[in-house]
There are 2 protein chains.
Amino acid sequence: MSLLVVGTIGIDTVETPLARRDDVLGGSAVYFSFAASYFTRVSLVSVVGRDFPTAFKTLLTKRDIDLSGMQVADGQTFRWTGKYHKNMIDRDTLEVRLNVFEHFDPKVPDLACNANYVFLANGSPSVQRKVLQQMKKRPAFVAADTMNFWIETAREELDALVAELDALMINESEARMYTGERELMCAGRALIKKGPRCVIIKKGEHGALVITTDGAFFVPAYPLTAVIDPTGAGDTFAGGIMGYLAAKQFLSRENLRRAVVYGAVIASYTCQDFSLDALQRTTRADIDARYKELLEMMSIPS
Amino acid sequence: MSLLVVGTIGIDTVETPLARRDDVLGGSAVYFSFAASYFTRVSLVSVVGRDFPTAFKTLLTKRDIDLSGMQVADGQTFRWTGKYHKNMIDRDTLEVRLNVFEHFDPKVPDLACNANYVFLANGSPSVQRKVLQQMKKRPAFVAADTMNFWIETAREELDALVAELDALMINESEARMYTGERELMCAGRALIKKGPRCVIIKKGEHGALVITTDGAFFVPAYPLTAVIDPTGAGDTFAGGIMGYLAAKQFLSRENLRRAVVYGAVIASYTCQDFSLDALQRTTRADIDARYKELLEMMSIPS
């Protein structure tokens, strides 16, 4: 197994100014692994309740995602209900029920303990670190996501996690909050000082700024003409990046740049419909075509 | 004369969270022509009052900017006072005194009536159109800037102006307001339908999205580690674009892309100090070096 992800599997209810969907498949590890599955085999470590629909499970196994690390616990699956503002960016979380996720204790299956690429989706930094402790050898590349809640309530644990990472993925507002720096270049450099060799600052519709130990680069978001539901965009962005890198098994400066473009492309498909609906209609050929299109939009002749 | 600009010359008072400067040189036509002067000779059409300091005039003539179209009228020079919020993006206009600008009637000097490249800085669309009527022949490339005020109060005049343009430069929020489209690709396409072959949507620190009749491309903002005062960034962005194009005298797809990168580079210098202070310390060699650096940050190996 080349790629391991640990995060949530959830059942979401999402409302946008134009539509609403009840009880759709969601969760960070779900979005991530679906995106990464275009490039490599993914092992998903998470927990669901007894109520988790077989249809949702099938959706993942059809993508050849390894669910041997998906625990099934007594109780209900993690649930999230959110409502997007008119700008389709800001959102209010109307309800979170952790359910079986409240006592989630990730157990990495034997085969996945040798994964070279690991993604720790947003979650408690102490749980994220627990995953790393189960690895049989130091993976080639460990990346993690975090959020304002952990920056505010678990900064020491988060610092300890970040020190162990190769890459931190973080929203622009969270990068500013974590470092106290207003300019993203400064925030990125301050985060690099905490340990990772790469900081991927997510700017939503404005793309991403990537700061590494030896420089910086930009990738724009693919410019959609209609955004239906941005839920999962960040996790599929991460999934595209990590999936591409894990498939290459070679972390060059060039491959990292290509990986982030693939991440942006897959994230754009995610926004085109609710849940995984648009991605389910998307082939690797579609992704490669949009990848070329995005590259063309970024190219400046010398 | 290859490039003509019509816009304001002003005396600004600017307050940021960290500092304040009183009575510094400003105005759209000033910022624009200073930026464009790195590439070509610019003819500046505007009006000042009897109080306009000789030192400010010298600052422009030293850059070989043609001031034969700068009227001197009885009264005081245009004045603007603004205060930036903590995010260094949003700002409040504390005071505007139009002064001699209230009755500004632009007169394009004879030589400049043959300019091939024309920039109409933000202003009343009917005054902007008056400038075009004075041209002896249809210029090769006419660009204009506008703002929310004209979209709200003079939409018909603005539509008539936009129909005559080759390029419209507009902020993202204004592009949305003008078209009613939330997604910038849709807003850009709606604006293209009004006439111009190119719409340059300015996104401040997130760069620019350019939509043309045959596609779209992105240019990021150069990532500064310290922003001192963003006043004039948009006008120097335009100045870099138009100056580069006017120097090339050849509007290819490639030159337009290069021009927008040059615009982003010059705008970044503008933000590094108040008024024209940072640009005054900047050489063409500095600009070329940062241009290369920004290209590198945008390049994805194929």
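These exercises walk through a predicted model, one part at a time.

**Exercise 1. Size up chain A**

Task: Find out whether the radius of gyration of chain A agrees or disagrees with that of a compact globule.

Solution:
- Step 1. Take the chain length: chain A has 302 residues.
- Step 2. Find the expected value. A compact globule with 302 residues would have a radius of gyration near 19 Å.
- Step 3. Compare. Chain A has 18 Å, which agrees.
- Step 4. Add the outline. The C-alpha trace of chain A spans about 60 × 45 × 35 Å along its principal axes.
- Step 5. Look at burial. Buried means under 20% relative accessible area, and 60% of the residues of chain A count as buried.
- Step 6. Look at the surface. Chain A exposes about 11,800 Å², and carbon and sulfur atoms supply 50% of it.
- Step 7. Count the elements. Chain A holds eleven helices and 13 strands.

**Exercise 2. Explain a strand in chain A**

Task: Explain why strand E11 of chain A is largely enclosed by the rest of the structure.

Solution:
- Step 1. Locate the strand: E11(A) covers residues 198-202.
- Step 2. Sort the side chains. A:Cys198, A:Ile200 and A:Lys202 point one way, while A:Val199 and A:Ile201 point the other way.
- Step 3. Check both groups: all of these residues are buried.
- Step 4. Conclude. Five of the five residues are buried, so E11(A) is largely enclosed.
- Step 5. Recall how sheets form. Strands of a sheet pair through backbone hydrogen bonds, either parallel or antiparallel.
- Step 6. Name one partner. Strand E10 of chain A, residues 167-171, pairs with E11(A) in the parallel sense over five bridges. Here A:Ile170 has A:Ile201 as its bridge partner.
- Step 7. Name another. Strand E12 of chain A, residues 208-212, pairs with E11(A) in the antiparallel sense over five bridges. Here A:Ile201 has A:Leu209 as its bridge partner.
- Step 8. Inspect the turn. The hairpin of E11(A) and E12(A) has five residues between the strands, and A:Gly204 takes a positive phi near 60° there.

**Exercise 3. Map the sheet of chain B**

Task: Work out which strands of the nine-strand sheet in chain B stand at the edges.

Solution:
- Step 1. Write the order. The open sheet runs E5-E4-E1-E8-E9-E10-E11-E12-E13, with mixed pairing.
- Step 2. Read the ends. Strands E5 (66-73) and E13 (215-219) of chain B each have a single partner strand, so one side of each is left without a neighbour in the sheet.
- Step 3. Note the twist. Neighbouring strands of this sheet are turned by 15° against each other on average, direction ignored.
- Step 4. Zoom in on one pair. E11(B) and E12(B) run antiparallel and are joined by five bridges.
- Step 5. Add the helix. H9 of chain B, residues 253-270, packs on the sheet and touches E11, E12 and E13 of chain B. The direction of H9(B) makes about 30° with that of E13(B).

**Exercise 4. Follow two helices of chain B**

Task: Describe what covers the buried residues of H6 and H7 in chain B.

Solution:
- Step 1. Place H6(B). Residues 172-179 lie across E10 and E11 of chain B, at about 110° to E10(B).
- Step 2. List its buried residues: B:Glu172, B:Glu174, B:Ala175, B:Arg176 and B:Tyr178.
- Step 3. Name the cover of H6(B). It includes H4, H5, E10, H7 and E11 of chain B.
- Step 4. Turn to H7(B). Seven of its ten residues are buried, including B:Leu184 and B:Ile192.
- Step 5. Name the cover of H7(B). It includes E10, H6, E11, E12 and E13 of chain B.
- Step 6. Check the ends. B:Gly180, just after H6(B), takes a positive phi of about 75°. B:Gly195, which follows H7(B), has a positive phi near 140°.

Technical notes
Residues numbered from 1 in each chain as written. Chains lettered and ligands numbered in written order. Predicted model: local features only at pLDDT ≥ 70, side-chain atom pairs only at ≥ 80, totals over all residues. Heavy atoms only, no water. Pairing = 2+ DSSP bridges. Helix = DSSP H or I, 4+ residues; strand = E, 2+ residues; numbered from the N terminus. Axes fitted to C-alpha atoms, helices over the stretch in contact; angles between N-to-C directions. Contact = heavy atoms within 4.5 Å. Buried < 20%, exposed > 50% of the residue type's maximum accessible area, 1.4 Å probe, protein only. Rg over C-alpha atoms; globule rule 2.2 N^0.38 Å. Areas by Shrake-Rupley, 256 points an atom, 1.4 Å probe, with all protein chains shown as cover.
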